[in-house]
Amino acid sequence: AAGCMVGVESDDPTTCTPVSGGFTVYAKPGTSASSLQEVGKSLKNIIEAGMVAGLYETEVVDKAVYIGNRDYFSTASSAPISGQSDEADKSNERLHIFIYILASVCLI
């Protein structure tokens with residue numbers, strides 16, 4: 001499939017499905033840019049380590065592969081935003097819960 005960059009050995013026939021996404025981190029006032037970059041790197045490392053360890057493999061998922069940073073998102077959209085809608089709040093709350101679950105699974 002387009003976007004599948006890493007070959008994976010499998011005993012069963014599989015279909016590669018690229019999954020793209022991102023994280024949003026809400027920092028407290030006064031947080032330095034370098035601290036935010038470290039948080040971003042840490043989140044990515046947690047996800048990558050979980051994939052390497054096979055934590056996301058299920059009856060459906062034969063293998064999940066972390067491929068690193070890609071230019072799927074515009075750098076213009078990464079600027080901090082001071083306000084947001086209720087719809088964005090609900091979406092971000094679900095994302096935060098998902099991140100916490102992933103981080104917990106990786107730490108177990």
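**Exercise 1. Work out how glutamate 38 and lysine 41 are placed relative to each other in helix H1 of this predicted model, and what links them.**

Start with the spacing. Glutamate 38 and lysine 41 are three residues apart in helix H1, so about one helical turn separates them.

Next, look at the side chains. Glutamate 38 forms a salt bridge with lysine 41, and the closest N and O atoms are 4.0 Å apart. Side chains of opposite charge can pair when their charged atoms come close.

Finally, check the exposure of each partner. Glutamate 38 has 45% relative accessibility, so it counts as partly exposed. Lysine 41, at 48%, also counts as partly exposed because the class runs from 20% to 50%.

**Exercise 2. Find the salt bridge that involves glutamate 57, and say how many salt bridges the count comes to.**

Go to glutamate 57 and follow its side chain: it meets that of lysine 63 in a salt bridge, at 3.4 Å from N to O.

Then classify the two residues. Glutamate 57 is partly exposed, with a relative accessibility of 34%. Lysine 63 is partly exposed too, at 39%.

Now for the tally: the count comes to two salt bridges.

**Exercise 3. Which residues of H1 are buried, and how are they arranged around the helix axis?**

First, get the helix itself straight. H1 covers residues 33-52, which makes 20 residues. From first C-alpha to last it reaches 29 Å, close to the 28 Å expected at 1.5 Å a residue.

Second, pick out the buried positions: Leu43, Ile47, Gly50 and Met51. Look down the axis of H1 and these buried residues fall within an arc of 115°, so they line one face of the helix.

Third, turn to the other side of H1, where Gln37 and Val52 are exposed.

Last, step past the end of the helix. Glycine 54 follows H1, and its phi is positive, near 80°.

**Exercise 4. Describe the surroundings of leucine 36.**

Begin with its location: leucine 36 sits in helix H1. Its relative accessibility is 34%, so it counts as partly exposed.

Now list its contacts. Leaving out residues up to four places away in sequence, leucine 36 touches Val25, Ala27 and Thr31.

Then compare positions along the chain with positions in space. Tyrosine 26 is ten residues from leucine 36 along the chain, and their C-alpha atoms are separated by 9.2 Å.

**Exercise 5. Which residues make up the nonpolar surface patch, and is methionine 5 buried or exposed?**

Gather the members first: Met5, Val6, Val8 and Val65. Together they have about 320 Å² of accessible area.

Then zoom in on methionine 5, which lies in the segment before H1. With 52% relative accessibility, methionine 5 counts as exposed, because the cut-off is over 50%.

**Exercise 6. Sum up the protein chain: its helices and strands, its burial, its contacts and its exposed area.**

Start with secondary structure: there are two helices and zero strands in the protein chain.

Move on to burial. The protein chain has 108 residues, and 9% of them count as buried.

For contacts, take those with a separation of 6 or more: 53% of them are between residues 24 or more positions apart.

To finish, consider the surface. The protein chain exposes about 8,800 Å², and carbon and sulfur atoms supply 56% of that area.

Technical notes:
Residues are numbered from 1 along each chain as its sequence is written. This is a predicted model: local features need pLDDT of at least 70, side-chain atom pairs count only at pLDDT 80 or more; totals for chains, interfaces and linings use all residues. Side-chain values use heavy atoms; hydrogens and water are left out. Helices (H or I, at least four residues) and strands (E, at least two) are DSSP runs, numbered from the N terminus. The expected span of a helix is 1.5 Å times one less than its number of residues. Buried means under 20% relative accessible area, exposed over 50%, partly exposed in between (1.4 Å probe, protein chains only). The arc is that of the directions from the helix axis to the C-beta atoms. Patches are made of residues with over 30% relative accessible area and no salt bridge: like charges are joined within 9 Å, nonpolar side chains (Val, Leu, Ile, Met, Phe, Trp, Tyr) within 5 Å. Accessible areas come from the Shrake-Rupley method with a 1.4 Å probe; for residues, only the protein chains shown count as cover. Contact means heavy atoms within 4.5 Å.
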